[in-house]
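Okay, thanks everyone. I'd like to walk you through one part of this fold, helix packing and then the sheet, so have the structure up while I talk.

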Amino acid sequence: MAGFKNLVVGEKDSFLIRIIVKKAKDAGMESEFVRWNINDINSHWEGVKAVTIYVDENVRPKDEVLHFVSDKASETGAKVILIAEKNDQQYLFDRIAPDILYKYLSRPLDNEEYVRVLGELMKLSVEKKKSILIVDDDPNYLGLVRDWLKDIYKVSMANSGLQAIKWLGMNKADLILMDYEMPVTSGPQVLEMLRSDDETKGIPVIFLTGKSDRDSVMSVVALKPQGYFLKNIEREELLKNLRDFFKD
């Protein structure tokens, strides 16, 4: 399913790992294998919602790898499925944060149970996705920001203030990222309309602005939105700011 990626992490690309990767793919869930290597894990992390840690008998991953996976999952909202022998269970539990551990499955593995658990996690991930509406009259910028966010959030787009108002009449958003300067109906005018309606007045709005001079910034801040981002913001900074916003 689009927006859900399962990373299977193990000591080697074994026959059993190939089986669970194939079964997950056959069930419609994007899955791929990476070895116990921090750089490899990090380079394949984009879009990951589930991490399957597969531990072969007597081959435990190093502490730094487990701590990296635990920290990365906590940072991005991914969940971990552990597959291991019972005698490795406590070792793993001591190194994986409880809040990101979704399920422990003992070896020998019931492949059908694994697919079922992964499906539950996929459903939970989709249901919990925050909804962001991006409003901007520049189609190129709309597409760029959508591509940055689509693997983490449920993203919708509107190319004018009036289209945004119409969309919000039929849908709900957890956050609106809105261009401050738009023709016909500007960002401040849209914000005023949203705040005058009981159905939309509680939706947080963060303005997108291309101007960083003091007077322009002060005019944005004076409207008391939930914040503002400069349009030249880099992808990683935007994602970090949004993670911080939704944590509050």
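Let's start with helix 7 and helix 8, residues 187–195: their axes come within 9 Å and cross at roughly 25°. Anything under 35 degrees counts as roughly parallel, so that makes helix 7 roughly parallel to helix 8. And keep in mind this is a predicted model, not an experimental one.

The crossing of these two, helix 7 and helix 8, is right-handed. Who's touching whom? On the helix 7 side you've got Gly161, Ile165 and Leu168, and they meet Val190, Met193 and Leu194 from helix 8. Sort the residues of that contact by type and you get five nonpolar, one polar and no charged.

Now, what does helix 7 lie across? Helix 7, residues 161–168, sits across strand 6, strand 7 and strand 8, and its direction is at about 155° to strand 6.

Those strands belong to an open sheet of five, in the order 7-6-8-9-10, with parallel pairing. At the edges you'll find strand 7, 154–158, and strand 10, 227–230, each pairing on one side only. On average, neighbouring strands in this sheet are turned by 20° against each other, if you ignore direction.

If you want to zoom in on one pairing, take strand 6, residues 131–135, and strand 8, residues 175–179: they run parallel and are joined by four bridges. For one residue to click on, isoleucine 132 has leucine 175 in strand 8 as its bridge partner.

Okay, second helix pair. Helix 6 and helix 10 have axes that come within 10 Å, crossing at roughly 60°. Which residues make that contact? From helix 6 it's Val145, Trp148 and Leu149, and from helix 10 it's Arg235, Leu238, Leu239 and Leu242. By type, the residues of the contact between helix 6 and helix 10 split into six nonpolar, no polar and one charged. Helix 6 passes helix 10 in a right-handed crossing.

Last thing, the rings. There are four aromatic pairs in the structure. One of them is tyrosine 153 with phenylalanine 246, a tilted pair, 5.5 Å centre to centre with 40° between the planes. That pair links distant parts of the chain: tyrosine 153 is in the loop between helix 6 (139–149) and strand 7, while phenylalanine 246 is in helix 10, residues 235–247, and the two are 93 residues apart.

That's my tour, happy to take questions.

How values were computed:
Residues are numbered from 1 along each chain as its sequence is written. This is a predicted model: local features need pLDDT of at least 70, side-chain atom pairs count only at pLDDT 80 or more; totals for chains, interfaces and linings use all residues. Side-chain values use heavy atoms; hydrogens and water are left out. Two strands pair if DSSP finds at least two bridges between them. Axes are lines fitted to C-alpha atoms, for helices over the stretch in contact, and angles run from 0 to 180 degrees between N-to-C directions. Contact means heavy atoms within 4.5 Å. Angles under 35 degrees count as roughly parallel, over 145 as roughly antiparallel, 65 to 115 as roughly perpendicular and the rest as oblique. A crossing is left-handed if the near helix is turned anticlockwise from the far one by less than a right angle, and right-handed if clockwise. Ala, Val, Leu, Ile, Met, Phe, Trp, Tyr, Cys and Pro count as nonpolar, Asp, Glu, Lys and Arg as charged, and the others, Gly among them, as polar. Rings of Phe, Tyr and Trp (its six-membered ring) pair if their centres lie within 6.5 Å; planes under 30 degrees apart count as stacked, over 60 as edge-to-face and the rest as tilted.
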